[in-house]
Amino acid sequence: MFGHLIEPYSFRPDIESIYKFIYSFHMPLFAFVSGLLTKQYESRRDLYHSVLPIVVLLVVFDLIYELVNFLVTGSTSWYLRVFSPYWLLWYFLSLATWRLVSPVFFRLSFPITVSVLVSVTFLLVPQIGYPLSIARTLSFLPFFVGGLVYGRKIISWIKHHNTGKWLIIAVFVLIGIFLIVPRFDVRMLWGSFSYAQMGYHGPSGIMQKLSVLLISSIGVFSILMFARYSSLLITFGVASLSIYVWHGFFIQIISKAAVNFLQDSPLLLLIIIELALSAFICWVLSLGLATRVTRSIQKGVR
């Protein structure tokens with residue numbers, strides 16, 4: 001949420017560092033948690049029933065976002081023209097794909113290694129990018145597999161080791177990431193492009209990608225150390241699906257309304273305003289209406 005709100009100001013060097021820091025872990029964390037919540041299905045029927053509600057949400061909200069876009073601009077979106085889900089909805093197509101291939105990774109002896117190899121190798125194909133969310137599906141695959149296969153063990157370890165010492169270590173690790181990540185190409189953090197589309201040759205692209213995977217993995221682990229201490233995060237986490245699918249409308253309205261007012265604001269003021277807006281939007285979308293509508297759409301296909 002906060003990352004999307006500050007994106008219009010990411011041309012500013014001070015905001016760019018914060019923006020890249022957030023993008024170094026927020027979607028990897030989402031993919032990890034999605035893997036953690038994906039179970040080992042006993043039959044293909046159970047697997048398909050877990051994927052169908054995701055596909056329905058994708059189709060329904062893609063139509064809604066496209067309709068709003070058409071009413072506002074008078075034309076179809078760029079996403080539709082390149083055969084990609086609308087903006088943030090890429091995640092649903094990726095999640096459906098990850099769940100469909102999850103039985104394969106449950107059976108592998110070295111699932112993380114295979115997922116990393118698949119991720120860094122297939123991005124060598126120049127045509128891979130936004131269409132069908134293929135680049136992002138590949139880019140964040142290792143984090144989904146990490147949550148899928150080892151998520152419960154990692155959470156269990158954190159529950160028994162998140163003492164003051166480890167929390168202090170996590171703080172310093174996150175500070176280190178904040179200082180390092182501005183050196184990375186933000187497009188590598190987005191995970192939306194092949195190496196060729198970003199201007200990298202094979203070896204240099206692979207090294208950049210492996211570095212991002214390592215930094216993001218450390219960031220995800222460090223953030224998880226703090227999760228159990230925030231009741232607010234737990235409250236929002238329960239309604240995370242509703243917040244995710246609906247918040248795009250708020251972001252688009254607020255960004256257009258506030259960009260001229262805030263783009264030259266002092267850093268501290270900008271952060272305070274955007275954090276307050278993020279918390280407010282999360283709170284509104286965690287209330288009953290958005291959650292009930294989202295769940296009714298899912299339940300309608302079960």
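A salt bridge here is a side-chain nitrogen of Lys or Arg within 4 Å of a carboxyl oxygen of Asp or Glu. The structure holds 3 of them. This is a predicted model, in which local features need pLDDT of at least 70 and side-chain atom pairs count only at pLDDT 80 or more, while totals for chains, interfaces and linings use all residues. Residues are numbered from 1 along each chain as its sequence is written, and side-chain values use heavy atoms, with hydrogens and water left out.

## Salt bridges

The table gives each pair with its N to O distance.

| Basic residue | Acidic residue | N to O distance |
|---|---|---|
| Arg 12 | Asp 14 | 2.9 Å |
| Lys 20 | Glu 16 | 3.5 Å |
| Arg 187 | Asp 185 | 2.7 Å |

To read these pairs by burial, take buried as under 20% relative accessible area, exposed as over 50%, and partly exposed as in between (1.4 Å probe, protein chains only). Arg 12 is buried at 11% relative accessibility, whereas its partner Asp 14 is partly exposed at 29%. Lys 20 is buried as well, with a relative accessible area of 6%, and Glu 16 is partly exposed at 33%. In the third pair it is the acid that is buried: Asp 185 has 15% relative accessibility, while Arg 187, at 27%, is partly exposed.

The Lys 20 and Glu 16 pair also has a helical setting. Helices (H or I, at least four residues) and strands (E, at least two) are DSSP runs, numbered from the N terminus. Lys 20 and Glu 16 are 4 residues apart in helix 2 (residues 13-23), so about one helical turn separates them.

## Empty space inside and at the surface

Rolling a probe the size of a water molecule over the atoms shows where empty space is left. The search uses a 1 Å grid over the protein atoms alone: a cavity is a set of points where a 1.4 Å probe fits but cannot get out, and a pocket is an open set with protein on both sides within 12 Å along at least five of seven lines; lining residues have an atom within 4 Å of a point. Grid points are joined across faces, edges and corners, and a volume is the space filled by probe spheres set on the points.

The second largest pocket holds about 240 Å³ of space. Its lining is made by Phe 32, Ile 112, Val 116, Pro 142, Phe 143, Gly 146, Ile 154, Leu 213, Ser 217, Val 220, Phe 221 and Leu 224. Helix 7 (111-122), helix 9 (141-161) and helix 12 (202-227) are the elements that give two or more residues to this lining. Helix 12 gives the most, with 5 residues.

For residue classes, Ala, Val, Leu, Ile, Met, Phe, Trp, Tyr, Cys and Pro count as nonpolar, Asp, Glu, Lys and Arg as charged, and the others, Gly among them, as polar. On that basis the lining of the second largest pocket has 10 nonpolar, 2 polar and no charged residues.

As for enclosed space, there is 1 cavity of 30 Å³ or more. The volume of the largest cavity is about 30 Å³. Around the largest cavity sit Ser 84, Trp 90, Gly 129, Tyr 130, Ser 133, Ala 135, Arg 136 and Ser 192. This lining divides into 3 nonpolar, 4 polar and 1 charged residues.

## Two residues with positive phi

Ser 133, one of the residues lining the largest cavity, has a positive phi of about 60° although it is not a glycine. Ser 133 belongs to the loop between helix 7 and helix 8 and is buried, with a relative accessible area of 3%. Leu 132 is in the loop between helix 7 and helix 8 (134-139). Phi of Leu 132 is near 60°, also positive in a residue other than glycine. Leu 132 is partly exposed at 42%.

## Helix 10 and a surface patch

Patches are made of residues with over 30% relative accessible area and no salt bridge, with like charges joined within 9 Å and nonpolar side chains (Val, Leu, Ile, Met, Phe, Trp, Tyr) within 5 Å. Accessible areas come from the Shrake-Rupley method with a 1.4 Å probe, and for residues only the protein chains shown count as cover. Ile 168, Val 171, Phe 172, Ile 175, Phe 178, Leu 179 and Ile 180 make a nonpolar surface patch of about 650 Å². Val 171 is found in helix 10 (residues 164-180) and is partly exposed, at 35%.
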